[in-house]
Amino acid sequence: MVNVQMTSSAMKLLPVACLCLLACCEDTFADENGPVVVKEGSDVVLRCSIDINVESKLFDWKKDGQKEVFMYDAGVHYNNGRTGQDEQFRGRVSHFKDELKHGNASIKIRNTKVADSGDYSCDFPRLQPRKRFNIKLVVGAAPEPSIKILDETKDWSLLQCVVRDASPQPKVEWKDSSGNILPAVEPLIIERGGRFYITLNTTVTKTDHYSCVVTQEEIGHQTDAETYVHINGAASEPSVTTIKTDGVTVLQCVVKGASPKPKVEWKDSSGNILPVKDLKETERGDSYDIVLQTTLTKTDNFRCVVTQEEINHQIYAEIDLNINGLSAGAIAGFVVLSLLLVVAIVGGVGGGLYIKHLKKENREKYEEKREPQTEPDSSTSLKESS
Ligand SMILES: *[C@@H]1O[C@H](CO)[C@@H](O)[C@H](O)[C@H]1NC(C)=O
């Protein structure tokens, strides 16, 4: 039953095929499925078949209309004595002997190279009409990009993305975490034997995850590398002061331009967190200004501690308030700014590549402030209170 059905459907197609054969003297079959795409180093089968036994026929595979890839003539071919094969394909091409009787003249190319990319033809020159099949092969090399930080200040970082040895030519772009394409200078493109070396720089001014995206549309390939950039707006040095209102002395700590949002606390010398009298948070873009006040109730050494856990960053400023010293009519404000450690550990996963960017900074700042005895606003009431 099944055989009969198949035969009858083949019969229906026959008149159409005959019309076609009569209309021309050579049948050329374009590559209907688009190019065959493989990764460099892999093997590829280039398909070609007709509906007769080809064991005793001649077929000839060529690249770009000239290079001899594989010729088979009734059992004699490039792998058993026939000469004329192009050097490029020596020892890398084979046919499927057992398939020949089914009309299958496909070949396999082993260990493909970028240089194997091109237009291949499978030709039956002795058939009437002559038959020729065309297949495009694209051998792609799709390396992963690498990211480097070329230069940085506290306000910006200069990022560099390098793609080596890619083929076909990729499009390289920098994107932020929202997928926006970043403005970049013209990429530097070097081509050597069909392989592309591309360098693309961009300067970023915001803390974010940035990725370098490499796209090779012809081979349907996209890969990226990611890095986290912490713009040092977070190296916010708090400024500590005393303010006096209605006979009450208030310790004030001001943090400017911190990103990500920090936790700000006043602590006494034993490390106790002091109650908040007033807290003002202002968001500007993606950075924060914070003003924290606490009421002064005793003689001690006080610290305003600013913590940004996400980036393992802590910084504090100290103020030493000595009531005895105050009774002499002076405030000795002793401020130490100590930037302890900035460690931004960053991880990014994308397209299979995992880049870690480790940024370390260890800076110390020492600052001493002595307020003049005649300083009007903070000294007067303290004098009275002693
Ligand atoms: C021809 O043979 C190859 C190798 O076995 C196979 O991959 C391909 O599908 C065959 N083609 C046809 C049309 O049968």
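This briefing walks through confidence, the ligand site, two buried strand residues and the salt bridges of the structure above. Please keep in mind that the model is predicted. Its mean pLDDT is 77, and 74% of the residues reach 70 or more. The ligand is surrounded by R47, S49, F96, E99, N104 and S106, and 18 salt bridges are counted in the model.

**Confidence**

- Before you set anything up, two stretches deserve a look: residues 1-24 have pLDDT below 50, and pLDDT stays under 50 over residues 325-386.
- Beyond near neighbours in sequence, the stretch 1-24 has four contacts in the model.
- For residues 325-386, the model has 131 contacts beyond four places in sequence.

**The ligand site**

- Which residues are around the ligand? They are R47, S49, F96, E99, N104 and S106.
- From R47, a polar side-chain atom lies 2.9 Å from an oxygen atom of the ligand.
- E99 also places a polar side-chain atom by a ligand oxygen, here at 3.3 Å.
- For N104, an N or O atom of the side chain is 2.3 Å from an oxygen atom of the ligand.
- On its own the ligand has 360 Å² of accessible area, and the protein covers 59% of that.

**Two buried strand residues, H95 and I107**

- H95 is part of strand 7, which spans residues 93-95.
- With a relative accessible area of 15%, H95 is buried, because it falls under the 20% cut-off.
- Leaving out residues up to four places away in sequence, H95 touches F70, Y72, H77, L100, S106 and I107. Of these partners of H95, S106 is also one of the residues around the ligand.
- I107 belongs to strand 8, residues 107-109.
- Is I107 buried or exposed? It counts as buried, at 0% relative accessibility.
- The contacts of I107, again not counting residues up to four places away in sequence, are V44, V45, L46, W61, V69, F70, V93, S94, H95 and F96.
- F70 appears among the contacts of both H95 and I107, while F96, a contact of I107, is also one of the residues around the ligand.
- I107 and S94 are 13 residues apart along the chain, yet their C-alpha atoms are separated by 5.6 Å.

**Salt bridges**

- As background, side chains with opposite charges can pair when their charged atoms come close.
- E40 and R195 form a salt bridge, with N to O at 2.5 Å. E40 sits in the loop between strand 2 (36-39) and strand 3 (44-46), and R195 in strand 15 (residues 195-204), so this pair ties together parts that are 155 residues apart in sequence.
- Within that pair, E40 is partly exposed at 29% relative accessibility, whereas R195 is buried at 18%.
- K62 and E68 make another salt bridge, and their closest N and O atoms are 4.0 Å apart. K62 is partly exposed, with a relative accessible area of 26%, and E68 is buried at 15% relative accessibility.
- E87 and R90 are also joined by a salt bridge, with 3.2 Å between the closest N and O atoms. Both partners are exposed, E87 with a relative accessible area of 56% and R90 with 52%.
- What joins E40, D165 and R195 into one network? Salt bridges that share partners do so.

How values were computed: Residues numbered from 1 in each chain as written. Predicted model: local features only at pLDDT ≥ 70, side-chain atom pairs only at ≥ 80, totals over all residues. Heavy atoms only, no water. Salt bridge = Lys/Arg side-chain N within 4 Å of Asp/Glu carboxyl O. Helix = DSSP H or I, 4+ residues; strand = E, 2+ residues; numbered from the N terminus. Buried < 20%, exposed > 50% of the residue type's maximum accessible area, 1.4 Å probe, protein only. Contact = heavy atoms within 4.5 Å. pLDDT = per-residue confidence, 0-100. Near = heavy atom within 4 Å. Polar contact = N/O pair within 3.5 Å; in protein donor to acceptor, adjacent residues only side chain to side chain. Areas by Shrake-Rupley, 256 points an atom, 1.4 Å probe, with all protein chains shown as cover.
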